[in-house]
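Open the model in your viewer and keep the sequence panel beside it. This tour goes from one selection to the next and says what to look for at each stop.

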Amino acid sequence: MTQAEFRDGTPMQMAYAPLRTLQDIEELERVPLDERIFSWNLNDWIAHGCMLEPEKIAIRYIADGDPDSEAISIRYRELRSRAIQAANLFHELGVSSDDVVMYVLPTVPQLYVVMMGAVGAGIACGVNWMLKPNLLADLVRATNPKAVV
């Protein structure tokens, strides 16, 4: 299992004792937040999470809903790789960190790839795919996305 580290390479504690009393909270708060986390960047946390157990199944999907059908399985390593590809595609389309990537997808494996890629490239904006067209149009106008998936 991969150990999280601060930018200087110092190992980071990933688990803390339960907070049961005021004293527990005060003890936790003695250490500044910046010293307890390794990054403020969501992409760093996603990458770290995917690399904890890269061969573990991240998504198991049955396209037709029949439990006897063969499932599509995507491992964390592959999910991260596909998300990086999606982020690179968004960058190629001109998306920068200040741009919105809107995605309007049902719950299929591609949703997670696009969502993680959008977070990696810009500002992710997930929208319920079952909204009426006029409401979707309102959201597009309000967010002014650089890319819509």
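The stops below are given as selections in a predicted model.

**Stop 1: a surface patch**

Select Leu-19, Leu-22 and Ile-25. These three residues make a nonpolar patch on the surface, and their accessible area together is about 280 Å². Ile-25 sits in helix H1, which covers residues 22–29. With a relative accessible area of 34%, Ile-25 is partly exposed, because anything between 20% and 50% falls in that class.

**Stop 2: two rings**

How many aromatic pairs does a search of the whole structure find? The search gives 1 aromatic pair. Select Phe-38 and Trp-45 to display this tilted pair, whose ring centres are 4.7 Å apart and whose planes are 55 degrees apart. The angle counts as tilted because stacked planes are under 30 degrees apart and edge-to-face planes over 60. Switch on the surface and compare the partners: Phe-38 is buried at 12% relative accessible area, while Trp-45 is partly exposed at 31%.

**Stop 3: a salt bridge from helix H4 to a loop**

Side chains of opposite charge can pair when their charged atoms come close. The structure has 4 salt bridges, and the next stops visit some of them.

Select Arg-77 and Glu-55. Their closest N and O atoms are 2.7 Å apart, and the two residues form a salt bridge. Arg-77 belongs to helix H4 and Glu-55 to the loop between helix H3 (42–52) and strand S1 (57–61), so this pair ties together parts that are 22 residues apart in sequence. Both ends can be checked against the surface: Arg-77 is partly exposed, at 41% relative accessible area, and Glu-55 is partly exposed, at 44%.

**Stop 4: Asp-99 and its surroundings**

Select Asp-99, in the loop between helix H4 (76–92) and strand S3 (100–103). Is Asp-99 buried or exposed? Its relative accessibility is 16%, so Asp-99 counts as buried, the cut-off being under 20%.

Show the polar contacts of Asp-99. The side chain of Asp-99 reaches the backbone nitrogen of Ser-96 at 2.8 Å. Next, show the residues that Asp-99 touches: leaving out those up to four places away in sequence, they are Gly-94, Gly-122, Ile-123 and Lys-146.

Add Lys-146 to the selection. Lys-146 and Asp-99 form a salt bridge, with the closest N and O atoms 3.6 Å apart. Lys-146 is in the loop between H6 and S5 and Asp-99 in the loop between H4 and S3, so the pair ties together parts 47 residues apart in sequence. Unlike the buried Asp-99, Lys-146 is partly exposed, with 45% relative accessibility.

**Stop 5: Val-95 in the loop between H4 and S3**

Select Val-95, which is also placed in the loop between H4 and S3. Val-95 is buried, at 3% relative accessible area. Which residues does Val-95 touch, not counting residues up to four places away in sequence? They are Phe-90, Val-101, Ala-121, Gly-122, Lys-146 and Ala-147. Lys-146 is thus a neighbour of Val-95 and a salt-bridge partner of Asp-99.

Now draw two C-alpha to C-alpha distances. Val-95 and Ala-147 are 52 residues apart in sequence and 7.3 Å apart in space. Ala-137 and Gln-85 are also 52 residues apart in sequence, but 28 Å apart in space.

**Stop 6: helix H6**

Ala-137 from the second distance is in helix H6, where it is partly exposed at 29% relative accessibility. Stay in this helix and select Asp-138 and Arg-141. Their side chains meet in a salt bridge, at 2.6 Å from N to O. The two residues are 3 apart in helix H6, which means that about one helical turn separates them. Asp-138 is partly exposed, at 39% relative accessible area, and Arg-141 is exposed, at 59%.

**Stop 7: a backbone angle**

End with Asn-144, in the loop between helix H6 (133–143) and strand S5 (147–148). Most residues other than glycine have a negative phi. Asn-144 is not a glycine, yet its phi is positive, about 50 degrees. Asn-144 counts as exposed, at 63% relative accessibility.

Technical notes:
Residues numbered from 1 in each chain as written. Predicted model: local features only at pLDDT ≥ 70, side-chain atom pairs only at ≥ 80, totals over all residues. Heavy atoms only, no water. Patch = residues over 30% accessible without salt bridge, like charges linked within 9 Å, V, L, I, M, F, W, Y side chains within 5 Å. Areas by Shrake-Rupley, 256 points an atom, 1.4 Å probe, with all protein chains shown as cover. Helix = DSSP H or I, 4+ residues; strand = E, 2+ residues; numbered from the N terminus. Buried < 20%, exposed > 50% of the residue type's maximum accessible area, 1.4 Å probe, protein only. Polar contact = N/O pair within 3.5 Å; in protein donor to acceptor, adjacent residues only side chain to side chain. Contact = heavy atoms within 4.5 Å. Phe/Tyr/Trp six-rings, centres within 6.5 Å; stacked < 30°, edge-to-face > 60°.
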